[in-house]
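Visitor: I would like a close look at a single part of this protein. Please take me through it step by step.

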Amino acid sequence: MAAPFAGRHAELAALETVAAAPFGTVRLALVGGEPGAAKTALLQRLRERLAGRGWRFVQGRCPESDGAPAAWAWTELLRELAALGHEPPPGIAPSSDVPVPADVVCSRFRLHEAVAGHLAGAAATGPLLVLLDDLHRADEETLALLGHLAERADGTPLMIVAAYRTAEADAALRYLLGRLARHHPAWIELGGLGDDDVAALVRHAVPEADDATVRAVTERTEGNPFFVRETARLMGDLGASAALHRVPAGVAAVIRRRLERLPEDTRTLLRQATVLGREADLDVLAAMAGDAPATVTAAAEAGLAEGLLVEETAGRVRFAHMLVRDTLYNGIPLARRALRHTRAGEALLLVRPGQVSLLAHHFVAAGDRATASRAATYARAAAEQAQRRFAHREAVRLWRAALEAHDRSGSADGRGRLELVMGMVRALALAGDVVAAREQRGTAVEAAEEFGDPEFTANVLAAFDVPTVWTNRRYAARDTQIVATAERVLGGLPGEAATARCQALTTLALELDGGQDERGLLAARRAEAAARELAEPVLLAQALHARHAHTFRRAGLASERVRIGQEIVALGVRHELAPVEVFGHLILCQAHAALAEPTIADAHAAAVERLSDRYELPLPATLLSCYRAMRLSIDGRTDESDAAYLHVTEGLDGTWMWDIERDLLHFARFCLRAAGHASLLDLAGEAQDQYNRWGPIYARGQALMLLADGRASEARAVAAASRPLPRDYLLEARLGLAAVLAVELGDREMASSVYRQLLPAADGLAGAGSGVVTLGPVAHHLGALAHLLNRPREAADHYRRARAVAERAGARHWAEAAGKGLAAVGG
């Protein structure tokens, strides 16, 4: 007889309250607890209660062991929905093995929309309960689909309940829980059972158990329902009087004691089944063991009778709890475990040859040279499958496993190995780990050149080319190996290799961004021309990205960036390339800020935010937080701006992309102070660290800090050692600082040089094109420089223009400062 449903009545009532909520709200509940806390039992009881009120349910379980394809829980759930008469449209299932689309982001969004729409359509015919269990084991795509469904669930008779182990929630799950919190879910945390509930469970198995025995069980199990049940079962076998003396502490020990009472053939079957995960098909077990199906079935029946297994369907069993499986699996010596994984893989080849993810799991877990070739083959196939399902982090893991297996096999196939590296590079980039992708690409490029095949090397270079809204290399660093390789490839490609040529030109142009010569700009223009001739939108977007990178080569090119941004947005909209569209709006936000048009910039910032939220792109949100801090400074709210920069800095985890983000935000706070907000000496410690880190690049900042500390002679010496400024997105901001330094030093030679460089940007805001920081109207700095250079008429004209720019930007404080400057020069 089944054990009673003890405890959890309050939690069940809370879930029923969510189900009774009026339509038009998101009915969402999140159930957390430790292993064995009866999360699954609670979901089962909820199903039963709601079924009596006309609800239907579908359930997906995140696999509790490795080897299942990505988004498996949703595959299960959609199959259950189909069994209820709601067949999904073709291609809707997240398991659909279709080619990787040109724009992964939009395709993923359309899939999520289709799944949410299909569930909503099914719910429209009657209330539907969607259950997701073991969410702590979910892959990225399972979590993303759940987040999207929650966004679309309002207004439909749909209830979502997800259960997870609280202590095992990783960063991805915690991020999702943060997103779901916006919908005000019911948060249900399952703790230990109380004395009365423990007593009910114990006395169900051992009616004669007295209060002292129940208290002992409560103390040992801390009220964990699964542990209580297992202890009670063992007490039923040993006798209640043994509870205080012979029942071992710890759930694993209890399970082992129960296993000892089983026949040897049943224990052997259970140990073999653990290798397959929590669920096992009997035909696979028979193939593993080489036994007749009847023998395997008889052994399984003994496990069922003992309550260690439950029957899923005919021919398929499931461990009663993952703790049972883990206890058995962890007790198998490593060498024997590896052998059983080999046998599992060989058995699957016989009876389930299409399950590449499981085959990869078992042959990789075998870990020996004999199975390495098959491990590499199936891990690669599983990685490609994961990418088709948008599970890029899982794809990275599988590509890496394939690479390790290839190396373990001793294969001499160098090209094959590089293809695995290229797959991993692209998966890393799509997963957002651009740093690792670039590092792996560099190693692969060096190896590719050994084959003397320019087209093959060009393909390796292009493995890294995925849409991005941020720099794809370290700040102020140039990879000379990549530059040299790209130039050699371009010299060796045949004329018909137009696509490879365009990609190599784009790679070269991006690598030469910020340089002092024109090679990068010429490469970007050639890449753009080639992409237009090929009429390939992705190639054109990448080439325009390279063109944009070179619009910071001198001050005053914001209008050119506007034209590029407009074309990139149009390209993204026309061809449904979401990251491209977001990048275009980001360019326009920054360019219009540079042109002192903050209202237009704000509109594009809103578009970036809207699209990023829709397509689940986290990086643009961080960039926008920098823009909003800068926007506060434009409004004259400098204290708030400084606090906002500090808040962004504190929110970084140190690995956002290239580990320069803290440096960039320090630079923004430094510029606020250099423009007159507070004292530079507030940042003295940070500034010294920056100078130690960046040397001549930071020399002008260090000189300003020394001047603030009254050390003018040292400041002159440091300023004299500065080197030409990188021609990148911070050029105008750095020129603004150089203008401040020249004026404070009274250095007319420096002032003349900075004046010439800043003059083309006279109608804008210094540095605002970075989207991170501004030092106010460029014309204000030009006025101060002209005054130092004894050009009073020009100085007055610049201050008048500075006032007009400030008024256009709605920056009263800058307009007042320009008026004071004008008065100082007699204007």
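Visitor: What is the order of the strands in the open sheet, and is the pairing parallel or antiparallel?

Guide: A word first: this is a predicted model. The open sheet has five strands, in the order S2-S3-S4-S1-S5. Their pairing is parallel. In general, strands of a sheet pair through backbone hydrogen bonds, in either a parallel or an antiparallel way.

Start at the edges. Strand S2, residues 56-61, stands at one of them, and S5 is also an edge strand. Each has a single partner strand, so one side of each is left without a neighbour in the sheet. The sheet also twists, by an average of 15 degrees from one strand to the next.

Now take S5 and its partner. Strand S1 covers residues 27-33, and five bridges join S1 to S5. The two run parallel. Find Leu-30: its bridge partner in S5 is Trp-187.

Stay on S5, residues 186-190, and follow the side chains. They alternate along the strand. Ala-186, Ile-188 and Leu-190 point to one face, and these three are buried. Trp-187 and Glu-189 point to the other face and are not buried. So Trp-187, the bridge partner of Leu-30, has a side chain on the face away from Ala-186, Ile-188 and Leu-190.

Next, look at S3 and S4. Strand S3 spans residues 128-133, and strand S4 spans residues 158-165. Five bridges join S3 to S4, and these strands run parallel. Here Leu-129 has Met-159 in S4 as its bridge partner.

Helices lie against these strands. Helix H4, residues 104-123, lies across S2, S3 and S4. H4 runs at about 135 degrees to S3. H5 packs on the sheet too, where H5 touches S3 and S4. The direction of H5 makes about 145 degrees with that of S4.

H5 also leads to another helix. Helix H5 (residues 140-152) packs with helix H6 (residues 171-180) at an angle of about 0 degrees. Their axes are 10 Å apart. H5 and H6 are therefore roughly parallel to each other.

Which residues meet there? From H5 come Leu-143, Leu-146, Gly-147, His-148, Ala-150 and Glu-151. From H6 come Ala-172, Leu-173, Leu-176, Arg-179 and Leu-180. By class, this contact has seven nonpolar, two polar and two charged residues.

To retrace the path: the sheet runs S2-S3-S4-S1-S5, H5 touches S3 and S4, and H6 packs with H5.

Terms used:
Residues are numbered from 1 along each chain as its sequence is written. This is a predicted model: local features need pLDDT of at least 70, side-chain atom pairs count only at pLDDT 80 or more; totals for chains, interfaces and linings use all residues. Side-chain values use heavy atoms; hydrogens and water are left out. Buried means under 20% relative accessible area, exposed over 50%, partly exposed in between (1.4 Å probe, protein chains only). Helices (H or I, at least four residues) and strands (E, at least two) are DSSP runs, numbered from the N terminus. Two strands pair if DSSP finds at least two bridges between them. Axes are lines fitted to C-alpha atoms, for helices over the stretch in contact, and angles run from 0 to 180 degrees between N-to-C directions. Angles under 35 degrees count as roughly parallel, over 145 as roughly antiparallel, 65 to 115 as roughly perpendicular and the rest as oblique. Contact means heavy atoms within 4.5 Å. Ala, Val, Leu, Ile, Met, Phe, Trp, Tyr, Cys and Pro count as nonpolar, Asp, Glu, Lys and Arg as charged, and the others, Gly among them, as polar.
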